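Here are some exercises to help you find your way around a new structure. Try each task yourself before you read the worked solution.

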Amino acid sequence: MTSSTTDPTSIAQAVVAGDLDDATLTGRAGASEFPIGGPDGRGGTASGADPYDLLSASLAACTATTIRLHARHKKYPLRHVEVAVSYRHPTDGGRHSFERVITLEGGLSDEERAQLLRGANTCPVGRTLGLNADIHTRSHDQPRPESAGAPADYAKDLEQYSIINNHPH
């Protein structure tokens, strides 16, 4: 990443930067550095997670961390946690939503499992996102509701803005 004259890391938890001539943006959060994907403004697509993927990953990471901390605190026999998240657009013009599917492995009782699933709703990222979007949480063995909405497509959403030129002539 090329650095500017001011140090944005002194005020930011995450930094994304890239040169106009380069199709790639690079993100940095903490000690991690990663490519940012999505439309490159030249008709191509940069590899890497796009902003919707990163938003979903933030919710998944926070949820898994919250569940794991709760299980450790309560000394529950949780062996493995997996959280899958997808961001969805409403089909009826309502609120956007996140579908969150949680898999818990280990010798958990039904009550312990239920407490961990309820605890997923206390993750700080979920509370923040929940102000503007619905978050539907279910166990991996429950069916997906029909009204979950269409998966969000970052590139298609960018096409709605006239300043973005995804398909140059």
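## Exercise 1: Two cysteines

Cys 123 is buried, with a relative accessible area of 0%. Keep in mind as you work that this is a predicted model.

**Task.** Find out how many disulfides the structure holds, and check Cys 62 and Cys 123.

**Solution.**
- Step 1: The count of disulfides is 0.
- Step 2: Cys 62 is in no disulfide, and its nearest cysteine sulfur, that of Cys 123, is 3.2 Å away.
- Step 3: Turn the pair around, and Cys 123 is likewise in no disulfide, with the sulfur of Cys 62 as the nearest cysteine sulfur.
- Step 4: A disulfide needs the two sulfur atoms within 2.5 Å, and the 3.2 Å between Cys 62 and Cys 123 does not meet that.
- Step 5: For the surroundings, Cys 62 is buried at a relative accessible area of 14%, and Cys 123 is buried at 0%.

## Exercise 2: The overall layout

**Task.** Work out how many helices and strands the chain has, and in what pattern they follow each other.

**Solution.**
- Step 1: Counting the elements gives 4 helices and 9 strands.
- Step 2: Reading along the sequence gives the pattern β-β-β-β-β-α-β-β-α-α-β-β-α.
- Step 3: Of the 169 residues in the chain, 30% are buried.
- Step 4: Take the contacts between residues at least 6 apart in sequence; 51% of these join residues at least 24 apart.

## Exercise 3: Strand β6 and its partners

**Task.** Which strands pair with β6, and over how many bridges?

**Solution.**
- Step 1: β6 and β7 run antiparallel and are joined by 10 bridges.
- Step 2: Looking across from β6 to β7, you will find Glu 105 opposite His 80.
- Step 3: The hairpin of β6 and β7 has 6 residues between the strands, and in this hairpin Gly 93 takes a positive phi near 80 degrees.
- Step 4: β6 also pairs with strand β9 (residues 150-151), again in the antiparallel sense, over 2 bridges.
- Step 5: At this second pairing, Pro 151 in β9 is the bridge partner of Arg 88.

## Exercise 4: Aromatic rings

**Task.** Count the aromatic pairs, then describe how the rings of Tyr 87 and Phe 98 are placed.

**Solution.**
- Step 1: Searching the whole structure gives 2 aromatic pairs.
- Step 2: The ring centres of Tyr 87 and Phe 98 are 4.9 Å apart and their planes stand at 40 degrees, so this pair is tilted.
- Step 3: Tyr 87 belongs to strand β6 (residues 78-89) and Phe 98 to strand β7 (residues 96-106), so the pair ties together parts 11 residues apart in sequence.
- Step 4: Both rings belong to buried residues: Tyr 87 has a relative accessibility of 14%, and Phe 98 has 1%.
- Step 5: Ring pairs bring Tyr 52 into the picture too, giving a cluster of Tyr 52, Tyr 87 and Phe 98.

## Exercise 5: A salt-bridge network

**Task.** Among the salt bridges, which residues are joined with Glu 99 into one network?

**Solution.**
- Step 1: The whole structure has 5 salt bridges.
- Step 2: In one of them, Glu 99 meets Arg 88, with the closest N and O atoms 3.1 Å apart. This pair links strand β7, home of Glu 99, with strand β6, home of Arg 88.
- Step 3: Glu 99 forms another with Arg 138, where the closest N and O atoms are 2.8 Å apart. Here the link runs between strand β8 (residues 133-139), which holds Arg 138, and β7, across 39 residues.
- Step 4: Glu 99 and Arg 88 are both buried, and so is Arg 138.
- Step 5: Through shared partners, Arg 88, Glu 99 and Arg 138 form one network.
- Step 6: Elsewhere, Arg 118 forms a salt bridge with Glu 111, the closest N and O atoms being 3.4 Å apart. Glu 111 is partly exposed, at a relative accessible area of 44%.

## Exercise 6: One face of a helix

**Task.** Where do the buried residues of α2 fall when seen down the axis of the helix?

**Solution.**
- Step 1: The buried residues of helix α2 (residues 110-119) are Glu 112, Leu 116, Leu 117 and Gly 119.
- Step 2: Seen down the axis, these residues fall within an arc of 160 degrees, so they line one face of α2.
- Step 3: The buried residues of α2 pack against α1 (51-74), β7 and β8.

Notes:
Residues numbered from 1 in each chain as written. Predicted model: local features only at pLDDT ≥ 70, side-chain atom pairs only at ≥ 80, totals over all residues. Heavy atoms only, no water. Phe/Tyr/Trp six-rings, centres within 6.5 Å; stacked < 30°, edge-to-face > 60°. Buried < 20%, exposed > 50% of the residue type's maximum accessible area, 1.4 Å probe, protein only. Pairing = 2+ DSSP bridges. Salt bridge = Lys/Arg side-chain N within 4 Å of Asp/Glu carboxyl O. Arc of directions from axis to C-beta. Contact = heavy atoms within 4.5 Å.
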